[in-house]
Amino acid sequence: LAPSLPLQEDFVYHWKAITHYYIETSDDKAPVTDTNIPSHLEQMLDILVQEENERESGETGPCMEYLLHHKILETLYTLGKADCPPGMKQQVLVFYTKLLGRIRQPLLPHINVHRPVQKLIRLCGEVLATPTENEEIQFLCIVCAKLKQDPYLVNFFLENKVKSLASKGVPSVISEDTLKGQDSLSTDTGQSRQPEELSGATGMEQTELEDEPPHQMDHLSTSLDNLSVTSLPEASVVRPNQDYNLVNSLLNLTRSPDGRIAVKACEGLMLLVSLPEPAAAKCLTQSTCLSPLLVFSHKEDASAFPGKRALISFLSWFDYCDQLIKEAQKTAAVALAKAVHERFFIGVMEPQLMQTSEMGILTSTALLHRIVRQVTSDVLLQEMVFFILGEQREPETVAEISRHPLRHRLIEHCDHISDEISIMTLRMFEHLLQKPNEHILYNLVLRNLEERNYTECKPLCPEDKDVVENGLIAGAVDLEEDPLFTDISPENTLPNQEWLSSSPPATPDHPKNDGKTEVHKIVNSFLCLVPDDAKSSYHVEGTGYDTYLRDAHRQFRDYCAICLRWEWPGSPKALEKCNLEAAFFEGHFLKVLFDRMGRILDQPYDVNLQVTSVLSRLSLFPHPHIHEYLLDPYVNLAPGCRSLFSVIVRVVGDLMLRIQRIQDFTPKLLLVRKRLLGLEPEGPLIDHITLLEGVIVLEEFCKELAAIAFVKYHASSTP
């Protein structure tokens with residue numbers, strides 16, 4: 001005990017020096033930096049750290065006992081609140097911050113620590129751009145860091161309050177703070193502070209609900225009215241509520257003009273929302289302004305972008321919200337994401353996307369596209385998907401095509417009179433399809449292919465059975481007998497020998513009539529679709545079909561990784577279990593894409609590239625129904641149904657008729673290809689340029705589909 005006594009005497013000496021200043025000094029206008037108070041506080045900290053270092057871990061020394069027993073932190077809080085002498089608040093914040101940061105033993109569980117810490121938290125962020133802002137954020141961040149280390153401590157910072165809705169009077173605290181009563185904060189010298197110096201220790205509770213600036217409350221009144229998940233009781237009911245002042249103070253500081261302060265406040269919020277304590281998560285979402293304030297910032301920036309700076313500001317804030325929801329405890333994450341959905345997506349974005357102004361549509365779609373690309377949080381992604389596509393999962397019908405108005409409008413924009421709007425909307429859908437969310441593909445495509453009612457089931461006659469045994473599919477159209485493909489020559493197809501090394505032989509375990517058309521037949525079908533007269537790639541080196549194989553393999557591997565957890569079937573649903581009598585509708589999305597594909601010879605080059613890009617993305621998904629509908633040329637289509645292959649066949653039929661009317665078609669086609677590749681300088685305008693560019697895109701698209709079919713087949717046949 002003897003060695004520690006001098007430390008305690010020294011500690012008490014420094015504390016008494018501070019208290020005697022208030023007793024002996026009448027000039028309270030002199031700044032604190034002109035006094036010895038900062039030095040005494042620093043010495044007290046050094047003594048506490050030294051004491052802890054000299055004792056066994058977890059043992060509380062006499063100096064720390066003195067600090068706790070004499071409620072030194074309470075007294076310092078009161079002096080800091082009064083800012084007496086001027087600058088004292090800054091010194092108190094620094095003392096609290098260093099105390100929590102440098103002392104290793106847990107202090108926050110002590111009532112004489114967490115109670116004054118809670119009070120000091122309320123002082124932070126009251127006024128923006130104050131001289132103490134930097135110290136305030138440092139203090140709040142050290143509290144957040146301590147809570148991250150020991151999440152259960154957050155319960156000390158959820159204040160229970162009783163709010164009388166009938167009187168709408170001043171809320172009173174029913175925590176330990178009021179149950180034990182406020183101390184007079186007299187020091188051990190027996191001298192009590194004057195009421196005006198020490199008032200405010202209990203007064204903060206009266207202003208907690210009025211902390212928000214008036215202008216902010218005006219904007220948020222409607223949002224706050226609707227924030228609570230539960231309905232409000234009758235006006236006469238008195239109910240307990242909780243306040244999370246740490247969140248409120250950080251939220252205030254996120255609006256600091258000093259960017260560094262705002263960023264640190266955002267980091268503090270990130271720590272708080274990730275705490276696993278359910279009570280904290282509930283309080284965070286139901287009793288703080290976090291949800292509406294996040295969206296309020298969105299509304300402020302997203303309603304109009306006068307310049308690049310405002311756009312960057314908005315995207316940065318949205319990225320922060322995304323990360324916040326990603327890190328948040330599950331309950332908090334869901335509530336925050338729903339708030340973004342209701343107040344930002346529906347409240348701000350939907351009216352922008354549904355407008356009729358072409359410039360407005362283009363701008364809002366570009367913003368939506370950027371948001372789609374940026375979202376990484378699964379919870380926020382789910383809300384965004386429901387906003388764009390709706391929650392419907394039953395098969396689409398033509399009559400109910402506009403059941404979800406925004407979905408209908410966005411899909412219609414894929415075929416807009418403005419090419420820029422069409423391209424931007426198609427890009428948005430292309431990136432949406434790459435997101436790890438099963439509902440996206442199911443809502444857009446799969447729900448309409450579930451029953452395989454695009455197929456026609458024909459009973460096998462004896463002749464058909466013989467054909468199947470010979471390696472062909474019953475009822476399938478042989479392209480070599482199709483009048484559209486009379487120009488097919490042996491050198492245009494890939495010989496069967498090339499596939500022998502990779503295609504599995506027909507064995508009892510792998511019979512040829514397993515429902516999958518032999519891959520070389522599929523690949524050749526796509527490669528031979530475009531007639532020789534309309535091909536130009538073989539005149540240019542490095543543009544063969546094999547160039548697509550590497551990309552297709554990489555992309556298919558990525559898609560498989562995304563879809564792995566969705567537990568898709570490995571083979572199509574058995575036809576006997578399908579409702580083949582139901583009318584087939586490919587769905588609004590595929591309808592628009594097929595319509596666009598059917599006009600590939602008459603559309604601008606950039607539009608064609610985007611349409612084929614979306615279709616190739618769809619073809620890559622490892623679902624048997626998508627593979628069958630988009631990549632199997634030999635599927636027996638039911639009457640009135642179309643597939644991707646049948647759409648391309650019609651385009652090729654139209655192309656063969658139009659080629660005959662164009663003079664020097666092949667040289668012009670080759671010149672256009674070389675110009676597109678940058679191998680030829682731009683020259684005089686070529687007649688029928690749209691058609692020629694369309695033919696080139698069509699040829700490349702067929703090669704890409706062939707590569708995808710090949711890669712998918714071998715991936716499925718590899719054990």
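**Exercise 1. Work out how helix 6 and helix 12 are arranged in this predicted model, and which residues bring them together.**

Solution.
- Start with the geometry: helix 6 (residues 111-123) packs on helix 12 (residues 245-253) at about 25°, and the two axes are 8 Å apart. Remember that we're looking at a predicted model here.
- Now classify the angle. Angles under 35 degrees count as roughly parallel, so helix 6 and helix 12 are roughly parallel to each other.
- Next, the handedness: where helix 6 passes helix 12, the crossing is left-handed.
- Then list who touches whom. Helix 6 brings Gln118, Ile121 and Arg122, and helix 12 answers with Asn245, Leu246 and Ser249.
- Finally, sort the residues of that contact by type: two are nonpolar, three are polar and one is charged.

**Exercise 2. Check the length of helix 7 against its expected span, then find out how much of helix 7 is buried and what the buried part packs against.**

Solution.
- Count first: helix 7 covers residues 133-149, which is 17 residues.
- For the expected span, take 1.5 Å times one less than the number of residues. That gives the 24 Å expected for helix 7, and the model's 25 Å from first C-alpha to last is close to it.
- On to burial, where the cut-off is under 20% relative accessible area. By that test 12 of the 17 residues in helix 7 are buried, leaving the helix mostly covered.
- Look at who they are. The buried set includes Phe139, Leu140, Ile142 and Val143, but also Glu133, Glu135, Glu136 and Lys146.
- Last step, the neighbours: the buried residues of helix 7 pack against helix 5 (88-102), helix 6, helix 12 and helix 13 (259-273). Helix 6 and helix 12 are the pair from the previous exercise.

**Exercise 3. Describe the crossing of helix 18 and helix 19, and sort the residues of their contact by type.**

Solution.
- Geometry again: the axes of helix 18 (residues 358-374) and helix 19 (residues 378-389) cross at roughly 145° and come within 11 Å.
- The crossing of helix 18 and helix 19 is left-handed.
- Helix 18 makes the contact with Leu368, Ile371 and Val372, while helix 19 uses Met384, Phe387 and Ile388.
- Sorting them is quick: six nonpolar, no polar and no charged.

**Exercise 4. Zoom out and summarise the chain by its helices and strands, its burial and its contacts.**

Solution.
- The tally is 32 helices and three strands.
- Of the 719 residues in the chain, 51% are buried.
- Take the contacts with a separation of 6 or more: 78% of them involve residues 24 or more positions apart.

Conventions: Residues are numbered from 1 along each chain as its sequence is written. This is a predicted model: local features need pLDDT of at least 70, side-chain atom pairs count only at pLDDT 80 or more; totals for chains, interfaces and linings use all residues. Side-chain values use heavy atoms; hydrogens and water are left out. Axes are lines fitted to C-alpha atoms, for helices over the stretch in contact, and angles run from 0 to 180 degrees between N-to-C directions. Helices (H or I, at least four residues) and strands (E, at least two) are DSSP runs, numbered from the N terminus. Angles under 35 degrees count as roughly parallel, over 145 as roughly antiparallel, 65 to 115 as roughly perpendicular and the rest as oblique. A crossing is left-handed if the near helix is turned anticlockwise from the far one by less than a right angle, and right-handed if clockwise. Contact means heavy atoms within 4.5 Å. Ala, Val, Leu, Ile, Met, Phe, Trp, Tyr, Cys and Pro count as nonpolar, Asp, Glu, Lys and Arg as charged, and the others, Gly among them, as polar. Buried means under 20% relative accessible area, exposed over 50%, partly exposed in between (1.4 Å probe, protein chains only).
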